[in-house]
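Me: I'm new to this one and would like to learn how to read its features. Could you walk me through a few?

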Amino acid sequence: MRVLITGAAGGVGQLLAPELAPGHQLRLTDVRLPPGGAVADEVVVGDLADPGLAERLCDGVDALVHLAGNPRPGDGWDRLRGPNVDVLTAMLEAAVLAGVRRVVLASSVHAMGGYHPLARRPEAVPVRDDWLPHPCCRYGATKVFAEAAARVYADSGAMSVVCLRLGGVRPAPAHRGWLDTWLGTADLGQAVRRALSAEIGFGAYSITSANTRGMCDLGAARRELGYAPTENSETYAESVPDGPPTMCAARLSTGERR
């Protein structure tokens with residue numbers, strides 16, 4: 001499968017490309033040279049705001065993994081609209097015109113972050129993917145828009161789209177506030193591989209590791225994607241530093257990048 005990964009120089013892209021390289025032909029793109037370019041068959045440096053670039057990038061690929069965007073929850077609409085709305089819709093349109101049949105869209109747990117309590121309560125019910133979206137911030141709202149825009153294309157029959165509501169992606173949780181929504185590298189790679197091959201017209205799924213104190217119900221991803229996470233943030237619970245009570249709260253207050 002020939003796969004285009006946008007935002008390949010970002011934190012998630014750098015971890016994902018080596019996970020997908022075995023068994024896939026990768027075309028990586030970002031505004032700067034992706035450090036993991038050595039695993040790719042092709043690297044294109046450019047700005048997706050360039051009207052013609054999106055079409056050139058989608059030409060000849062089987063699938064698009066769209067990671068590019070502004071992941072800073074503290075930013076205003078003026079900084080989020082371009083990368084998270086305008087570029088997103090341009091990429092979907094370019095993918096349709098190029099005949100790309102599968103899109104894996106990087107959404108975020110922030111699309112459902114409004115359900116998350118500021119502190120984990122024993123009686124709290126894990127957030128389910130069949131609940132209505134409830135973003136916790138402007139960034140989360142742009143992810144809700146992205147999912148809705150992608151569904152328009154999927155419902156038209158032009159392509160199939162799998163939206164992955166990714167947790168905090170790092171090799172280990174940044175601090176204790178990430179323990180409920182952390183997503184390890186191996187589980188990230190597995191989720192995207194499953195999304196690339198699943199027989200689904202459209203779906204939106206919470207994707208975190210199998211965290212003991214997880215706040216997302218992973219049942220839909222397990223059933224429909226075959227997702228079977230193997231990592232658990234509890235492994236790091238005694239070694240990571242303290243932080244805000246949830247990753248969502250941390251990113252709202254600091255603007256930390258995904």
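Me: What kinds of residues make up the lining of the second largest pocket: how many are nonpolar, polar and charged?

Reply: This is a predicted model, so keep that in mind throughout. Sort the lining of the second largest pocket by residue type and you get seven nonpolar, two polar and nine charged.

Me: What is the volume of that second largest pocket?

Reply: The second largest pocket comes to about 370 Å³. It has 18 lining residues, and D129, D130, R165, A204 and Y205 are the closest to its centre. Two or more lining residues come from each of α4, β9 (202-207) and α6 (219-225).

Me: How many cavities of 30 Å³ or more turn up in the whole structure?

Reply: Just one. The largest cavity holds about 60 Å³ of space. Around that cavity sit H66, A68, G69, P83, N84, L88, L105, A106, K143 and A146. By type, its lining has six nonpolar residues, three polar and one charged.

Me: Which element gives the most to the lining of the largest cavity?

Reply: That's α3, with three residues. At least two lining residues come from each of α3 (77-98), β5 (102-108) and α4 (138-155).

Me: α4 came up for both the pocket and the cavity. Which of the residues of α4 are buried?

Reply: Start with the general idea: an α-helix has 3.6 residues a turn, so residues three or four places apart point the same way. In α4, the buried residues are Y139, G140, T142, K143, A146, E147, A149, A150, Y153 and A154. Two of these, K143 and A146, also appear in the lining of the largest cavity.

Me: What span should the 18 residues of α4 have, and how far apart are its end C-alpha atoms?

Reply: Reckoning 1.5 Å a residue, α4 should span 26 Å, and its end C-alpha atoms are 26 Å apart, which agrees. After α4 comes G157, with a positive phi near 85°.

Me: On to rings. How many aromatic pairs does a search of the whole structure find?

Reply: Two. For a pair, look at the distance between ring centres and the angle between planes; planes over 60 degrees apart count as edge-to-face. With W182 and Y236, the centres are 5.4 Å apart and the planes at 70°, so this pair is edge-to-face. W182 belongs to strand β8 (residues 182-183) and Y236 to the loop between α6 and α7 (247-254), so the pair ties together parts 54 residues apart in sequence.

Me: Is W182 buried or exposed? And where does Y236 stand in relative accessibility?

Reply: W182 has 0% relative accessibility, so it counts as buried. Y236, at 25%, counts as partly exposed.

Note on methods:
Residues are numbered from 1 along each chain as its sequence is written. This is a predicted model: local features need pLDDT of at least 70, side-chain atom pairs count only at pLDDT 80 or more; totals for chains, interfaces and linings use all residues. Side-chain values use heavy atoms; hydrogens and water are left out. On a 1 Å grid over the protein atoms alone, a cavity is a set of points where a 1.4 Å probe fits but cannot get out, and a pocket is an open set with protein on both sides within 12 Å along at least five of seven lines; lining residues have an atom within 4 Å of a point. Grid points are joined across faces, edges and corners, and a volume is the space filled by probe spheres set on the points. Helices (H or I, at least four residues) and strands (E, at least two) are DSSP runs, numbered from the N terminus. Ala, Val, Leu, Ile, Met, Phe, Trp, Tyr, Cys and Pro count as nonpolar, Asp, Glu, Lys and Arg as charged, and the others, Gly among them, as polar. Rings of Phe, Tyr and Trp (its six-membered ring) pair if their centres lie within 6.5 Å; planes under 30 degrees apart count as stacked, over 60 as edge-to-face and the rest as tilted. Buried means under 20% relative accessible area, exposed over 50%, partly exposed in between (1.4 Å probe, protein chains only). The expected span of a helix is 1.5 Å times one less than its number of residues.
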